[in-house]
Amino acid sequence: MSIFDDVNKWEKEEGANIFSSILNVNDPVILDYGCGAGNYSFAASFAFEKKCKVYAVDINKQCLDYVNGKAKDEEINCITTAVGREDYRHDFDDDYFDLVIYADMFHGEEKTYNGLHRFVMIEEAKRTLKTGGILAVLPFHLSNFRDKNKKKCKYTYKKLIDEISEYGFKFIEKDLQGIHFEKVYSPYYQQKGGVTFDSLERGKILVFEK
């Protein structure tokens, strides 16, 4: 069994269970911003038995081509891809989404915004989520974060939770873990070899309610 088989299994089972456990809405509208290869988009579609609308957004068109190809192969019609904006704003209406997913989107080394783009993304989640909607954040590399003064400092989950809560979100404690899938699709790691599904980095999913 290949690592891609393991990934597909995760999307259908563990990944789907994550989203069904944090959102109790029929036919939800979902945003996976910075979707990459779409692992969380596919997991969300399976969570709601494809009876949902998932917008998979990424600035990398190759990623979107991959998502579209896989969705076609698996006959998943509920995922719509869209090209993201360089300013991290969303081209969606206010109060539109039931769930916004930011998986591995908060970093400290982005050249644009000097690593402060997460504040823009939190504002956009607040704007585009419905009242009672859910924001799911899966952060990695917390030691690379910068505060609002652009100063690099080591973050903790608590510090990030407090920061997002300042925007009016309510933190909901859930014992959920997500996966950092970057190595699965990286040519560097593919050539290097030795990447197994069990070796992929896991992290805590932070869940908030608007």
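1. Where does Ala-37 lie? Ala-37 sits in the loop that links β1 (29-33) to α2. Please keep in mind, here and below, that this is a predicted model. Ala-37 is buried, because its relative accessible area is 13% and the cut-off for buried is under 20%. Once neighbours within four places in sequence are set aside, Ala-37 is in contact with Phe-42, Tyr-66, Val-67 and Tyr-185. For a sense of scale, the C-alpha atoms of Ala-37 and Leu-116 are 24 Å apart, with the two positions 79 residues apart in sequence.

2. The sheet is a good thing to look at next. It is open and has 7 strands, in the order β3-β2-β1-β4-β5-β9-β6, with mixed pairing. β3 and β6 (170-172) are the edge strands, each pairing on one side only. Ignoring direction, neighbouring strands of this sheet are turned against each other by 20 degrees on average. As background, strands in a sheet pair through backbone hydrogen bonds, in either a parallel or an antiparallel sense.

3. Begin with the β3 end of that order. Strands β2 (residues 53-58) and β3 (residues 79-83) run parallel and are joined by 5 bridges. Val-57 has Ala-82 in β3 as its bridge partner. Between these two strands the chain passes through helix α3 (residues 61-73), giving a β-α-β crossover that is right-handed. Helix α3 lies across β2 and β3, and runs at about 170 degrees to β3.

4. Strand β4 (residues 97-103) pairs with β5 (residues 129-138) in the parallel sense, over 6 bridges. Two pairs to find on screen are Tyr-102, which stands opposite Val-137 in β5, and Val-100, whose bridge partner in β5 is Leu-135. β4 also runs parallel to β1, with 3 bridges joining them. There, Ile-30 stands opposite Leu-99 in β4.

5. How many of the residues of β4 are buried? The count is 7 of the 7, so β4 is largely enclosed by the rest of the structure. Asp-98 is a residue of this strand, and it counts as buried because its relative accessibility is 10%, against a cut-off of under 20%. Beyond its neighbours within four places in sequence, Asp-98 is in contact with Leu-23, Val-25, Pro-28, Val-29, Leu-129, Lys-130, Gly-133 and Ile-134.

6. Now for the helices. Two packed helices are described by the angle and the distance between their axes. For α1 (residues 3-22) and α2 (residues 39-47), the axes come within 7 Å and cross at roughly 65 degrees. This crossing of α1 and α2 is right-handed. The α1 side of the contact is made of Val-7, Trp-10, Glu-11, Lys-12, Gly-15, Ala-16, Phe-19 and Ser-20, which meet Asn-39, Tyr-40, Phe-42, Ala-43, Ala-44, Phe-46 and Ala-47 in α2. Sorted by type, the residues of this contact are 10 nonpolar, 3 polar and 2 charged.

7. What does α2 lie across? The strands are β1, β2, β3, β4 and β5, and α2 runs at about 180 degrees to β2. Phe-42 therefore links two of the points in this note: it is among the α2 residues that meet α1, and it is also a contact of Ala-37, which is buried at 13%.

8. Two backbone details deserve a look. Most residues other than glycine have a negative phi. Glu-49, in the loop between α2 and β2, has a positive phi, near 50 degrees. Asp-95, in the loop between β3 and β4, has a positive phi too, near 55 degrees. Glu-49 is exposed, with a relative accessible area of 60%, while Asp-95 is partly exposed, at 45%.

9. Finally, a loop residue further along the chain. Tyr-167 has its place between α5 (157-165) and β6. Is it buried or exposed? Tyr-167 counts as buried, because its relative accessibility is 16% and the cut-off is under 20%. Leaving out neighbours within four places in sequence, Tyr-167 is in contact with Phe-119, Ile-122, Glu-123, Lys-126 and Lys-148. Its C-alpha atom is separated by 25 Å from that of Ala-44, with the two residues 123 apart along the chain.

Key:
Residues numbered from 1 in each chain as written. Predicted model: local features only at pLDDT ≥ 70, side-chain atom pairs only at ≥ 80, totals over all residues. Heavy atoms only, no water. Axes fitted to C-alpha atoms, helices over the stretch in contact; angles between N-to-C directions. Helix = DSSP H or I, 4+ residues; strand = E, 2+ residues; numbered from the N terminus. Left-handed = near helix turned anticlockwise from the far one by under 90°. Contact = heavy atoms within 4.5 Å. Nonpolar A, V, L, I, M, F, W, Y, C, P; charged D, E, K, R; others polar. Buried < 20%, exposed > 50% of the residue type's maximum accessible area, 1.4 Å probe, protein only. Pairing = 2+ DSSP bridges. Right-handed = clockwise from strand over helix to strand, strands pointing away.
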